[in-house]
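Colleague: I am new to this structure and would like a close look at a single part of it. Please take one helix and its surroundings, and keep the account plain.

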Amino acid sequence: MAIPTSLTSATLCGASVFPKAALACSSDFPSNLSIPFESSKICLTSFPASKKNATWNLTRNVAPIQGIRCHAMQVETRECFTAGKKFQLSDVIEGQQFDREMLSAIFDVAREMEKIEKSSTQSEILKGYLMATLFYEPSTRTRLSFESAMKRLGGEVLTTENAREFSSAAKGETLEDTIRTVEGYTDIIVMRHFESGAARKAAATANIPVINAGDGPGEHPTQALLDVYTIQSEIGKLDGICVALVGDLANGRTVRSLAYLLAKFKDVKIYFVSPEIVKMKDDIKEYLTSNGVEWEESSNLMEVASKCDVVYQTRIQRERFGERLDLYEAARGKYIVDKDLLGVMQKKAIIMHPLPRLDEITADVDADPRAAYFRQAKNGLFIRMALLKLLLIGW
């Protein structure tokens, strides 16, 4: 792995030799100097032009390189994520970036946020920080929960609700130029975009943290985090669960991100229940298979629901069909969660939905204690409060 010469800081994690020092390297390193890096895991944080917080973890034994002179200079110590230690979160872009230990740590902070939200006094954890919500697609829960999260922690918000039409994007400005401009006004960017991969592009451009609030049919990692948090809170476990993902699985970014996170747990089985035209894409199936997760496609929701701990319903997304409304009409209304379905579900199972819903969950289901979707939406506040804290001030 090549480490760029623009390296400006290094943090030593674990058995640190210089707890608060970084090494800036140049030529003419004395060959007789010995640095006991043998037992250390080193996290090198570089600041290239495209991304100041790109991080490499070197886990092998490290020795000084001949011909390189290293100078110690004082920098702020940042923890890497290692076993038994806290971690530094830089961006939130996709479900794949999290592992079990990271999820557990985030959920611990989210539980702290629940206590803050319930208290009578407003927290000032993020006082002096400013968040920009840059949304190129409509949103209610995601945008408002992020803005609520920031304000409940004492921060402030800059917002644009429809950046696709009411920002310089309408004049043809590139996403990269927008991000470079907005980062000059704020400390963190929360972005929803209509193109898959836009969040990754924004994160590669920005020198401040970026949170993916949904990128077209790509991913929605913060929704997946709150979904897994909800399952753990409601069911009491994540290992050994059975989950039915229902509805628009081809275009549903929420189910894609959730599948990535569920793959981190043991003995999970996932059922895919959808109309043929919006079946789960092969990349998710291949990912699950490669990670030893059992999955099965079914057309019988009643049968699947009787076996599952979680029925995760989604709407058929009209906006993803373009002008092919005939295909949309052919897909919608195939699978409905109603009282008949409740009759076959397990007593301790739950029904989830990322919302908004149309007619895929009937209103008479709402009163059933297994209907968890509004509690699920509330959990989004706690998860997003936790992420803002971790991204802006760490632990």
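Which residues in α6 meet which residues in α7?

Modeller: The model is a predicted one, and the answer below should be read with that in mind. On the α6 side, the residues in contact are Pro221, Gln223, Ala224, Leu225, Asp227, Val228 and Ile231. They meet Thr254, Ser257, Leu258, Leu261 and Leu262 in α7. By character, the residues of this contact divide into eight nonpolar, three polar and one charged.

The spacing of such residues has a simple background. An α-helix has 3.6 residues a turn, so residues three or four places apart point the same way.

As for the geometry, the axes of α6 and α7 cross at roughly 55° and come within 8 Å. The two helices are therefore oblique to each other. The crossing in which α6 passes α7 is right-handed.

Next, the surroundings of α7, which spans residues 253-262. Ten of its ten residues are buried, so the helix is largely enclosed by the rest of the structure. The contact residues Thr254, Ser257, Leu258, Leu261 and Leu262 are buried, and so are Arg253, Val255, Arg256, Ala259 and Tyr260.

The other helix of the pair, α6, covers residues 221-235 and also has a sheet to deal with. That sheet is open and has five strands, in the order β12-β11-β10-β13-β14, with parallel pairing. At its edges stand β12 (294-298) and β14 (350-352), each with a single partner strand, so one side of each is left without a neighbour in the sheet. On average, neighbouring strands are turned by 20° against each other, direction ignored. Helix α6 packs on this sheet, where it touches β13 (310-313) and β14. The direction of α6 makes about 165° with that of β14.

Within the sheet, one pairing can be followed down to single residues. Strand β10 (residues 242-246) and strand β11 (residues 269-273) pair in the parallel sense over five bridges. Leu245 has Phe272 in β11 as its bridge partner.

To sum up, α6 meets α7 through the residues named above and packs on the sheet by touching β13 and β14, while α7 is largely enclosed by the rest of the structure, as ten of its ten residues are buried.

Conventions. Residues are numbered from 1 along each chain as its sequence is written. This is a predicted model: local features need pLDDT of at least 70, side-chain atom pairs count only at pLDDT 80 or more; totals for chains, interfaces and linings use all residues. Side-chain values use heavy atoms; hydrogens and water are left out. Buried means under 20% relative accessible area, exposed over 50%, partly exposed in between (1.4 Å probe, protein chains only). Helices (H or I, at least four residues) and strands (E, at least two) are DSSP runs, numbered from the N terminus. Two strands pair if DSSP finds at least two bridges between them. Axes are lines fitted to C-alpha atoms, for helices over the stretch in contact, and angles run from 0 to 180 degrees between N-to-C directions. Contact means heavy atoms within 4.5 Å. Angles under 35 degrees count as roughly parallel, over 145 as roughly antiparallel, 65 to 115 as roughly perpendicular and the rest as oblique. A crossing is left-handed if the near helix is turned anticlockwise from the far one by less than a right angle, and right-handed if clockwise. Ala, Val, Leu, Ile, Met, Phe, Trp, Tyr, Cys and Pro count as nonpolar, Asp, Glu, Lys and Arg as charged, and the others, Gly among them, as polar.
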